[in-house]
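Visitor: I would like to learn how to read a model like this one, feature by feature. Where should we begin?

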Amino acid sequence: MATADTFFVATAGPDGGVDASHRGGAPGFVEAAGPDELRWPEFAGNAMFMTLGNLELDDRAGLLLPDWETGGGLLLTGRARVDWSDPGAPSVQYRVERVVELTHATALTWTDEEVPAVRR
């Protein structure tokens, strides 16, 4: 988690529709809060997504954490809770229930020049 700068989160709405959105920040913005728990801040720009509202109604969520250096990734399933104790800066507590390592999640990787490269 110390190097993660982005992930994708999927939640379900009350009508059964799925919402998938992106979360990003400085490397390490996703914190390992315990052996099976993650925590991340919700930034103001995320307000256009339905994620937090969906989590209030259904705590199930899936995360995809890409590894831009190797093209691999982690697929997590679990349950999330929004911490509203600071309404100006809510955070999400995520309890991991299952982990799947994806060794070839994408052919895209990032080089030192921060230009996409295709892995062959």
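Guide: Begin with aromatic rings. Rings of Phe, Tyr and Trp, the last taken by its six-membered ring, pair if their centres lie within 6.5 Å. Planes under 30 degrees apart count as stacked, over 60 as edge-to-face and the rest as tilted. In this structure, which is a predicted model, F7, F29, W40, F43 and Y94 form one aromatic cluster.

Visitor: How many aromatic pairs does the whole structure hold?

Guide: The search finds four. One of them is F7 with F29, a stacked pair with 5.9 Å from centre to centre and 15° between the planes. This pair links distant parts of the chain, since F7 sits in strand β1 and F29 in the loop between β2 (18-24) and β3 (31-34), 22 residues apart. Another pair joins F7 to W40, edge-to-face, with 4.8 Å between centres and 65° between planes. Here too distant parts of the chain are linked: F7 belongs to strand β1 and W40 to strand β4, 33 residues apart.

Visitor: Are F7, F29 and W40 buried or exposed?

Guide: Burial is read from relative accessible area, and the cut-off for buried is under 20%. F7 has 1%, so F7 is buried. F29, at 10%, counts as buried, and W40 does too at 3%. For the chain of 120 residues, buried residues make up 33%. The chain exposes about 7300 Å², and carbon and sulfur atoms supply 57% of that area.

Visitor: Which residues of the largest nonpolar core touch the most other members?

Guide: A core is read as a network of buried nonpolar side chains joined through atoms within 4.5 Å. The largest one has 18 residues, and those touching the most other members are F7, L38, W40, L63, L76, V92 and Y94. Two or more residues come from each of β1 (6-12), β4 (37-41), α1 (51-57), β5 (60-66), β6 (73-83) and β7 (91-102). F7 shows how such a position is surrounded. Leaving out residues up to four places away in sequence, F7 touches S21, H22, R23, F29, V30, W40, L63, L64, L65 and P66.

Visitor: What pattern of helices and strands does the chain follow?

Guide: Read along the sequence, the pattern is β-β-β-β-α-β-β-β-β-β, with one helix and nine strands in the chain. The next thing to read is how far apart contacting residues lie in sequence. Among contacts with a separation of 6 or more, 50% are between residues 24 or more positions apart.

Visitor: How do β1 and β2 run, and how many bridges join them?

Guide: For a pair of strands, read the direction, the bridges and then the connection. β1 and β2 run antiparallel and are joined by seven bridges; in one of these, A12 has V18 of β2 as its partner. The two strands form a hairpin with five residues between them, and G16 in the turn has a positive phi of about 90°.

Visitor: Which side chains of β2 point to which face?

Guide: The side chains of β2 alternate. D19, S21 and R23 point to one face and are buried, whereas V18, A20, H22 and G24 point to the other face and are not buried.

Visitor: How many residues lie between β3 and β4 in their hairpin?

Guide: Two residues lie between them. β3 and β4 run antiparallel, with three bridges, and E31 is opposite R39 in β4.

Visitor: Where is E37 found, and which residues does it contact?

Guide: E37 is in strand β4. With a relative accessibility of 19%, E37 counts as buried, since the cut-off is under 20%. Apart from neighbours within four places in sequence, E37 contacts E31, A32, Q93, Y94 and R95. E37 and V96 are 59 residues apart in sequence, yet their C-alpha atoms are 5.9 Å apart in space.

Visitor: Where does E42 lie, and is E42 buried or exposed?

Guide: E42 lies in the loop between β4 and α1. At 6% relative accessibility, E42 counts as buried. For a buried polar side chain, read its polar contacts next. The side chains of E42 and W40 are joined by a polar contact of 2.9 Å. Setting aside residues up to four places away in sequence, E42 touches R23, L52, P90, S91 and V92. Of these, R23 is among the buried residues of β2, and V92 is among the core residues that touch the most other members.

Technical notes: Residues numbered from 1 in each chain as written. Predicted model: local features only at pLDDT ≥ 70, side-chain atom pairs only at ≥ 80, totals over all residues. Heavy atoms only, no water. Buried < 20%, exposed > 50% of the residue type's maximum accessible area, 1.4 Å probe, protein only. Helix = DSSP H or I, 4+ residues; strand = E, 2+ residues; numbered from the N terminus. Contact = heavy atoms within 4.5 Å. Areas by Shrake-Rupley, 256 points an atom, 1.4 Å probe, with all protein chains shown as cover. Polar contact = N/O pair within 3.5 Å; in protein donor to acceptor, adjacent residues only side chain to side chain. Pairing = 2+ DSSP bridges.
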